[in-house]
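Colleague: I would like to go through this model with you. Please keep the answers short.

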Amino acid sequence: MLRTPGVAPLLEEVDVLDPAPGEVMVRMVASGLCATDAHALSGYQPIPRYPVVLGHEGAGIVEKVGAGVKGLVEGDHVVLALWSDCGVCKQCVRGRCDECDSDWHRTGFAGVQADGRSRLRQSGAELYPLFGVGTLAEHTTVRAAQAIRIDPDLSLEAMCLTACAVGTGVGAVLNTADVKVGDTVLVVGCGGVGLNVIQGARIAGASTIVAADVSAANLELARAFGATHLMNTAERPLDLSDLAPDGVDVAFEVVGHPELIAECLRLTRIGGSCIIVGLTAPGATIAVDGRLMTGARRLIGCRSGGGVPQYNIPLMAGLYRDGRLLLDELIGRRLPLADAAHALTTMDNGVVGRSVVTFA
Ligand SMILES: [Zn+2]
Ligand SMILES: [Zn+2]
């Protein structure tokens, strides 16, 4: 739990209220650690309300079901999505609930339920679950629409990753970029999300997938996830003059660095797309020249992979079952909740792959 940015998060006892109508209480089984939690910690990315219970990449088992909930029963295995479909706005109806701008979406993201209150208390005062889920906790009460049921034989430790890292990367390819069979794709940044852009591109049928990173270890993983060409940009500048002299069909920037975004855009072909997946610092500006217009190129922001979780997560579950979506291979280490705070404050400590908190 984090009271304010810039201070160490604490492991504390919190009261988790029973689910109101339309909500469920979930016993967490696994929760991945994401850079966004670390950004909330440092204050790099402001979040709506404090104190906040961190964690937003979780999976668990439904323990209590509020009145009126359809499609979920006690004992169901669920992945907790970052948002839910409001069901009525134009964007949600057309399948882009990541673009929802309704009160439902805003309050949900802030960890507030339909009655304007959260379901977390400490000495009577409210705490807020990050993005409405707050998964670095033994229990959480969430909107039922954010709890996506999956088959109980699937690993919850693996499937939790579809809530953020995998969903963001794969969704950027399938929902935002619409990569086509045979495309040439560039992925700059091969961390937890970038690897999933790579495997999304492989699943979509891209024939050439160029992975660029400054870490040799990340690049080795990139190869395992489907990259066909590796470029270590710590050793030499990114150069696609042989591989894609006319530019790539789609470039993904998964670092959040304005100069890299501009470079990715420069490396797209006429009519190509540059997808911004990495989170840039607040206020950062990206230099774009006239080739955006004269070459009919597209520069597109992608928020958490887009689309509708009720569609995306079962899709990824099916790809995982088929062996096409690698999840277990993403897990770099497992750790107990007691070690999560330290792990979040030292995210760049050389662990390759995702850190996943497992609950006994
Ligand atoms: Zn995340
Ligand atoms: Zn909506």
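Modeller: What follows is a set of questions and answers on metal sites, domains, cores, strands and backbone.

Modeller: This is a predicted model, in which local features need pLDDT of at least 70, side-chain atom pairs count only at pLDDT 80 or more, and totals for chains, interfaces and linings use all residues. Residues are numbered from 1 along each chain as its sequence is written, chains are lettered from A and ligands numbered from 1 in the order in which they are written, and side-chain values use heavy atoms, with hydrogens and water left out.

Colleague: Which residues coordinate the zinc ion (ligand 1)?

Modeller: Donors are N, O and S atoms within 2.8 Å of the metal (3.2 Å for Na, K and Ca); water is not among the atoms, so sites may look incomplete. The donor spacing in sequence is C-x21-H-x107-C. At 2.0 to 2.2 Å, the donors are Cys34 (SG), His56 (NE2) and Cys164 (SG).

Colleague: How many residues apart are cysteine 34 and cysteine 164?

Modeller: Helices (H or I, at least four residues) and strands (E, at least two) are DSSP runs, numbered from the N terminus. Cysteine 34 sits in the loop between β2 (23–32) and α1 (35–42), and cysteine 164 in the loop between α4 (156–159) and α5 (165–177). The pair links distant parts of the chain, 130 residues apart.

Colleague: Is cysteine 164 buried or exposed?

Modeller: Buried means under 20% relative accessible area, exposed over 50%, and partly exposed in between (1.4 Å probe, protein chains only). Cysteine 164 has 6% relative accessibility, so the verdict is buried.

Colleague: What is the arrangement of the four donor atoms around the zinc ion (ligand 2)?

Modeller: Cys86 (SG), Cys89 (SG), Cys92 (SG) and Cys100 (SG) coordinate this zinc ion (ligand 2) at 2.3 Å. Their spacing along the chain is C-x2-C-x2-C-x7-C. Four donors count as tetrahedral if all angles lie between 85 and 135 degrees. Here the angles are 107 to 112°, so the arrangement is tetrahedral.

Colleague: How many residues of domain 2 are in contact with domain 1?

Modeller: The chain divides into domain 1 (15–164 + 306–358) and domain 2 (169–301), with bounds from an automatic or database domain assignment. Their centres, taken over C-alpha atoms, are 27 Å apart. Contact means heavy atoms within 4.5 Å. On the domain 1 side 19 residues take part, and on the domain 2 side the count is 19.

Colleague: Where does the largest nonpolar core lie, and why?

Modeller: A nonpolar core is a set of buried Ala, Val, Leu, Ile, Met, Phe, Trp, Tyr and Cys residues joined through side-chain atoms within 4.5 Å. This one has 56 residues, of which Met159, Val179, Ile198 and Phe252 touch the most other members. α5 gives the most, with six residues. Both domains give residues to this core, so it lies between domain 1 and domain 2.

Colleague: How many residues of strand β10 are buried?

Modeller: Thr184, Leu186 and Val188 point one way from β10, while Val185 and Val187 point the other way. The strand (residues 184–188) is largely enclosed by the rest of the structure, because the buried count is five of the five.

Colleague: In β11, which residue is the bridge partner of valine 185?

Modeller: β10 runs parallel to strand β11 (residues 208–213), joined by five bridges. Two strands pair if DSSP finds at least two bridges between them. For valine 185, the partner in β11 is isoleucine 209.

Colleague: Which are the edge strands of the open sheet of four strands?

Modeller: The order is β1-β6-β7-β3, with mixed pairing. Inside it, β6 (residues 120–122) and β7 (residues 125–129) run antiparallel, joined by three bridges. The strands that pair on one side only are β1 (15–16) and β3 (52–53).

Colleague: Which peptide bond is cis, with omega near -5°?

Modeller: Most residues other than glycine have a negative phi, and most peptide bonds are trans. Proline 51 lies in the loop between α1 and β3. The cis bond runs from tyrosine 50 to proline 51.

Colleague: What is the phi of phenylalanine 131?

Modeller: Phenylalanine 131 is in the loop between β7 and β8 (139–143). At 6% relative accessibility, phenylalanine 131 is buried. This residue is not a glycine, yet its phi is positive, near 55°.

Methods: Tetrahedral: all angles 85-135°; square planar, octahedral: opposite > 155°, others 65-115°.
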